[in-house]
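Please look through the sequence and the model shown here before reading on. The report that follows begins with the whole chain and then turns to particular places within the fold.

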Amino acid sequence: MAEEPPRRERSPGMKLLFVGLVSLVLIVPLLMTYALVYDRQSQSETAQSAINAGWGGAQVLSGPVMVVPFRTTQTQNEIVDGKQVSRVVEVEKLLYVSPVSNRVSTRIDPEERRKSIYRSVLFTARTQGRAVFALPADLARFGVTRERLMWDRAELRIGASDARGLTTGGRIAANGKWLEVQPGKGPAASGGQGFFAFLNWDGLGKLTVDYGFGLRGSRTISLVPRGGSTFWEVSSSWPSPSFEGAFLPEKPQVSDKGFKAGYAVDKLALGQPPVAMEDLGVPQDTGTYAIREATAPSAVGTAAGGAGEVVGGPARAVSVSLIETVDLYSKVDRSVKYGFLFIGFTFLAFLLFDVVGGARVAAVEYLLTGAGLVLFFVLLLAFAEVIGFTAAYLAASGAVIGLLTAYSAAVLRSWKRARFIGALLVGLYALLFVLLNLEAWSLMIGSVLLFVALAGVMYATRNVDWASVGRHARTEPDA
């Protein structure tokens, strides 16, 4: 009977190349998982928008601002019978008067609402304030004289960028006298939405305006500082605020019971005149969650009597966002980016057992092991949407570690080697969890551990002849 020829094995270098090719194939499901995270995040944002639609979006508060029509003359050039003719006409414009000082207090009461497995952070805010108005003594230097002001049509305007949230109404009092509030005509910084009241004042001395309103919204509330000095005190029981915008609060107090913050913005920091012939536009720095698209063009609407509204450059705003302490989609997204690291370390351990330890690992076994590692991220996303990120991480990692440890015992034909694979996976998942929670230190920790891993591989393979070919599975007997 003819003796079976000895079976030839691939060289260690060829095995390494083959493992690299299998790893590249697994990039495809990793990218699909990454796309799945993006899709689920989009669905979550759509669900949150649906929740907010019936409540109110991110709110931008502005005002109070006094608007007074006035008459002035201007020169117009016309072509008459082929000749250019200039004539002086009387036109009506609007004077926007900012307060000398404005003290505002806002109390935010948050709540969470759900739609299926998705949730959104909503709030009800109660705002009260007192503003003091006074015309500048040198008003004529701003291009307006007192005798041209039409005080019988003066208005006080207060804005909220999403008027759907003004469900409890608003009130305005001038020098202690309550005014009749009308809807609309908010300052341009709030997209023209809000409420206003006609004002009876002659422009002499000072005018004290007391106001208050209830407001519903979601995620973010912003205030547009205006005038001489603005003081805003904002408080809430929400434990994780984010302070954003053009200015930061002075010494905010944040604890598990909520937060309290105070803003103080001076006119020199704002760089705005006390009176102007154009209103401030929608702010561009309202934080992470932008206000809805209710921008105002350069001329929009008319005041009482027909004077056109003129909107200038964007206003500045300070913002407070009610953020969730754990953004699960952001963490899952970051964890998927570490997926190739998991595949690389696990395949490297299998390769070392193959090259150094003599275990034979087939291509399909590499592929199935990689599929299990990729499946972890899908399980993490699916569970995190229901039970939270930490519990989902423990459940998904425990399931994958158990599965691959048991499978490694069959592939490597040794429970001792399988326990090593299990310990390696436990260490990798524990490391990933630390990196996800220590974002500032993740690069340093990861780079140091990669260096240690590389050093270990170099030591373990120091005697391997990567270029050897034709190694037999069994040694032929001597002649």
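The secondary structure of this protein, which is a predicted model, consists of nine helices and 20 strands. The protein has 479 residues, and 46% of them count as buried. Among contacts with a separation of 6 or more, 78% are accounted for by residues that lie 24 or more positions apart. The accessible surface of the protein amounts to about 24,500 Å², and carbon and sulfur atoms hold 58% of that surface.

One pair of helices can be described in detail, and the table gives the residue range of each partner.

| Helix | Residues |
|---|---|
| Helix 7 | residues 389-412 |
| Helix 8 | residues 415-437 |

These two helices pack with their axes 8 Å apart, at an angle of about 155 degrees. Because angles over 145 degrees count as roughly antiparallel, helix 7 is roughly antiparallel to helix 8. The crossing of the two is right-handed. The contact includes Phe389, Tyr393, Val400 and Leu404 from helix 7, while helix 8 contributes residues including Trp415, Ile421, Leu425 and Phe433. By type, the residues of this contact divide into 17 nonpolar, five polar and one charged.

A single residue elsewhere may serve as a further example. Threonine 33 is placed in helix 2, which covers residues 27-53. Its relative accessibility is 4%, and therefore threonine 33 counts as buried, since the term applies under 20%. Apart from neighbours within four places in sequence, threonine 33 is in contact with Val336, Val374, Phe377 and Val378.

Key: Residues numbered from 1 in each chain as written. Predicted model: local features only at pLDDT ≥ 70, side-chain atom pairs only at ≥ 80, totals over all residues. Heavy atoms only, no water. Axes fitted to C-alpha atoms, helices over the stretch in contact; angles between N-to-C directions. Helix = DSSP H or I, 4+ residues; strand = E, 2+ residues; numbered from the N terminus. Parallel < 35°, antiparallel > 145°, perpendicular 65-115°, else oblique. Left-handed = near helix turned anticlockwise from the far one by under 90°. Contact = heavy atoms within 4.5 Å. Nonpolar A, V, L, I, M, F, W, Y, C, P; charged D, E, K, R; others polar. Buried < 20%, exposed > 50% of the residue type's maximum accessible area, 1.4 Å probe, protein only. Areas by Shrake-Rupley, 256 points an atom, 1.4 Å probe, with all protein chains shown as cover.
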